[in-house]
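Let's take a walk through this protein together, from its outer surface to the spaces inside. Please have the sequence and the 3D view open as you read.

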Amino acid sequence: MFENLPDRVSVYEVSPRDGLQNERATVPLVSKLRLIDALVAAGLGRIEITSFVSPKWIPQLADADEVAQYSRAPAGVVFSALCPNARGLARARAAGMREIAVFVSASETHNRKNVNKTIADTIAAFEETIGPARAEGMRVRGYVSTVWGCPYEGEVDPKRAVGIAKKLLEMGCYQISLGDTIGVGTPRQTARILERMRGEVGPDRVAMHMHDTRGTALANVLVGLEMGIRDFDASVGGMGGCPYAPGAAGNLATEDLVYMLHGMGVETGIDLERLVEAGKVAESIVGRLLPGKVHLAGVRSLKA
Ligand code: HMG
Ligand code: MG
């Protein structure tokens, strides 16, 4: 057991984007900036701060331009944002972003509900974003959603995700984040998916983006760690979900991920106590109790 654990992994924080896109309350700009500052103060080095998508589709992030313009990444911290099309790239560029993320699903129905296109047309349209962004020196991350299951189609053959991941890497993405969009994955399934991926795409190019809807996210992360994955997405407090994936609940909570990793001797560069403070900021700005386990229980157990 645990023979392949690394000394260190990279955590990619998605709460200002995946978290806030799914909140009922529209969070004011100043509160979003407070959350981003708190995440930076906790030592997160990679943060997805917003989405340059259509405000008609995701009104919660309609202020993406201002969020990107007014949030400041200190040296060594990378901010990223979702970007679905040329319009999104133009907005990201104008706001000074150095990294964007493109996204597509492994299942047709979710993809159409999410971006109103077929998978093939979505990938073809990435010519408008990935290439031009790279030509300007921006880094591009790629997401493949519904890899563990689709809310409309059920099980999804892992070979679909593998084919899309290979294509996005060829097109110029530096990394592919595989999404369990609705949090249905279980550990053996994760091993099957990563095994299939490993034959075609090196684990160093793959990240895992687990939603914790059914409490299996950390178990899946552990399988990923053993199988060579060194990049994990998470959202402080366990906020999040995709509005176009019914039943999708929070992402894996960053505090839960970091607590487990540090407890196993895997470094992240994150200060867990300050991360817990960031989780409290997140909770106060959305005005509802967040579900993360460490967020609710605290870091330390009570001493007798
Ligand atoms: P559409 O309606 O097919 O296309 O949307 P459109 O070109 O007709 O655009 C509709 C309107 O939006 C137009 O305005 C456009 O100008 C405008 P109108 O003419 O009606 O006034 N528009 C834009 N405005 C600002 N910025 C833009 C932009 N693009 C168009 N970039 C589109 C197609 C892709 C735009 C739309 O479907 C969309 O924005 N979808 C985004 C959905 C989304 O953000 N979902 C959640 C993120 S994915 C996720 O959560 C999963 C993930 O976390 C991983 C996982 O969990 O698996 C990443
Ligand atoms: Mg997500």
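A good place to begin is the outside: the protein exposes about 12,700 Å² of surface, and carbon and sulfur atoms supply 51% of it. Please keep in mind that this is a predicted model. Beneath that surface, 56% of the 304 residues count as buried.

Now step back and look at the overall form. Along its principal axes, the C-alpha trace spans about 60 × 45 × 35 Å. The radius of gyration is 18 Å, which agrees with the value near 19 Å that a compact globule of 304 residues would have. The chain is built from 13 helices and 8 strands. As for how these pieces are brought together, take the contacts between residues at least 6 apart in sequence: 76% of them join residues at least 24 apart.

Next, turn to the open spaces. The largest pocket holds about 610 Å³ of space. Helices and a strand share in its lining: the elements that give two or more residues are α1 (15-19), α4 (86-94), α5 (108-115) and β5 (139-145). If you would like to find the middle of the pocket on your screen, look for V53, P84, F103, N114 and V115, which lie nearest its centre among the 33 lining residues. The character of the lining is mixed, with 14 nonpolar, 14 polar and 5 charged residues.

What about enclosed space? A search of the whole structure finds 1 cavity of 30 Å³ or more, and the largest cavity has a volume of about 40 Å³. Around the largest cavity you will find L194, M197, R198, V201, G202, P203, V206, M227 and I229. Helix α9 (residues 187-198) gives the most to this lining, with 3 residues. By class, the cavity lining has 7 nonpolar residues, 1 polar and 1 charged.

Two of those lining residues, L194 and I229, lead us to our last stop, G224. This glycine sits in helix α10 (residues 217-226). Is G224 buried or exposed? Its relative accessibility is 0%, and buried means under 20%, so G224 counts as buried. Who are its partners from farther along the chain? Leaving aside neighbours within four places in sequence, G224 is in contact with L194, M208, I229 and F232. For a sense of distance, try R205 as well: G224 and R205 are 19 residues apart along the chain, and their C-alpha atoms are separated by 13 Å.

Notes. Residues numbered from 1 in each chain as written. Chains lettered and ligands numbered in written order. Predicted model: local features only at pLDDT ≥ 70, side-chain atom pairs only at ≥ 80, totals over all residues. Heavy atoms only, no water. 1 Å grid on protein atoms, 1.4 Å probe; cavity = no way out; pocket = protein on both sides within 12 Å on 5 of 7 lines; lining within 4 Å. Points joined across faces, edges and corners; volume = space filled by probe spheres on them. Helix = DSSP H or I, 4+ residues; strand = E, 2+ residues; numbered from the N terminus. Nonpolar A, V, L, I, M, F, W, Y, C, P; charged D, E, K, R; others polar. Rg over C-alpha atoms; globule rule 2.2 N^0.38 Å. Buried < 20%, exposed > 50% of the residue type's maximum accessible area, 1.4 Å probe, protein only. Contact = heavy atoms within 4.5 Å. Areas by Shrake-Rupley, 256 points an atom, 1.4 Å probe, with all protein chains shown as cover.
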